[in-house]
Amino acid sequence: MFIIFTGNGKGKTTAAIGQALRAVGNGARVLMVQFIKGPWESGEDKSSRSFGAHFRIVKMGKGFVGLPSDKLPRHEHEKAAQAALSYALSELMRGACDIIILDEVWVALTLKLISKKDVSDFIDAAKPLAAHIIMTGRGCPKEFVAEADLVTEMKEVKHPFNAGVAAAKNVEF
């Protein structure tokens, strides 16, 4: 099954992790490859380790692209996004997981770190190898929505960030 979690609201990665937790409980092996999130450690990184090889999170992004704190040249972000797609496919090809999650892949696409063709080629190659493909991020293009089996759009109604409140531990990381 090809699953998309998209939209401007919070909860896309959280929904994917929920799917992973359910799948691990049923004996599946899940790999989450993160495209944008940088090397900092989050709560999900810590908790995923307790599942051993059944749920792995691999951060391949170099951090948030284009923000004032981003000191990397753009080509470093592009190289990292390409490497993330290659790594995810190679892990599927070697049979390392049953379910693959590409976290923030739609953001990488929107930022033009990867192309629609790159994503489409990945999906075509991954479908025969994975029980489920889950892709998250804001801005999923309509053609991928049309191709997916299940799509959930998160809609922001209210978020404390808009009132100047910083990201909250245990809620957002």
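Two strands are taken to pair if DSSP finds at least two bridges between them, and by that rule β1 and β6, which run parallel, are joined by 4 bridges. The structure described here is a predicted model, and the account begins with the sheet to which these two strands belong.

The sheet is open and consists of 6 strands in the order β3-β2-β4-β5-β1-β6, with parallel pairing. Its edges are formed by β3 and β6, each of which has a single partner strand, so that one side of each is left without a neighbour in the sheet. On average, and with direction ignored, neighbouring strands of this sheet are turned by 15° against each other.

Within this arrangement, β1 pairs in the parallel sense with β5 over 4 bridges, and I4 of the former strand stands opposite M135 in β5. On the side of β6, where 4 bridges also join the parallel strands, the bridge partner of T6 is E153. Strand β1 is mostly covered, since 5 of its 5 residues are buried. Its side chains are divided between two directions, with F2, I4 and T6 pointing one way and I3 and F5 the other way, and all of these residues are buried. Elsewhere in the sheet, β2 and β4 run parallel and are joined by 5 bridges, and Q34 stands opposite D103 in β4.

Helix α1 comprises 14 residues, namely residues 12–25, and at 1.5 Å a residue it should span 20 Å; its end C-alpha atoms are 20 Å apart, which agrees with that expectation. The buried residues of α1 are K12, T13, A16, I17, A20, A23 and V24. Seen down the axis of the helix, these buried residues fall within an arc of 130°, so they line one face of α1. The face turned away from this buried side carries the exposed residues T14, L21, R22 and G25.

The surroundings of the buried residues of α1 draw on several elements of the chain, and what covers them includes the strands β1 (2–6), β2 (30–34), β3 (55–59), β4 (99–103) and β5 (132–136), together with helix α2 (43–48). In keeping with this list, α1 lies across β1, β2, β3, β4 and β5, and it runs at about 160° to β2. After α1 comes G27, whose phi is positive, near 90°. A further helix, α5 (residues 116–126), lies across β1, β4 and β5, running at about 160° to β5.

Positive phi values are also found in residues other than glycine. One of these is E104, with phi near 70°, which lies in the loop between β4 and α4 (105–110). With a relative accessible area of 15%, E104 is buried, because the cut-off for that class is under 20%. Another is K112, whose phi is near 60° and which lies in the loop between α4 and α5. In contrast to E104, which is buried, K112 is exposed, with a relative accessible area of 64%. When its neighbours within four places in sequence are left aside, K112 is in contact with R74 and E78. The C-alpha atoms of K112 and A81, which are 31 residues apart along the chain, are separated by 9.7 Å.

The cysteines were examined for covalent links. A disulfide is a covalent bond between the sulfur atoms of two cysteines. With a disulfide taken as a pair of cysteine sulfur atoms within 2.5 Å, the count for this model comes to 0 disulfides. As for the surroundings of the cysteines, C97 is buried, with a relative accessible area of 3%, and C140, at 13% relative accessibility, likewise counts as buried.

Finally, the segment after β6 (150–153) is the place of F161. This residue is exposed, with a relative accessible area of 57%. The C-alpha atoms of F161 and I99, which are 62 residues apart along the chain, are separated by 32 Å.

Terms used:
Residues numbered from 1 in each chain as written. Predicted model: local features only at pLDDT ≥ 70, side-chain atom pairs only at ≥ 80, totals over all residues. Heavy atoms only, no water. Expected span 1.5 Å × (residues − 1). Buried < 20%, exposed > 50% of the residue type's maximum accessible area, 1.4 Å probe, protein only. Arc of directions from axis to C-beta. Contact = heavy atoms within 4.5 Å. Axes fitted to C-alpha atoms, helices over the stretch in contact; angles between N-to-C directions.
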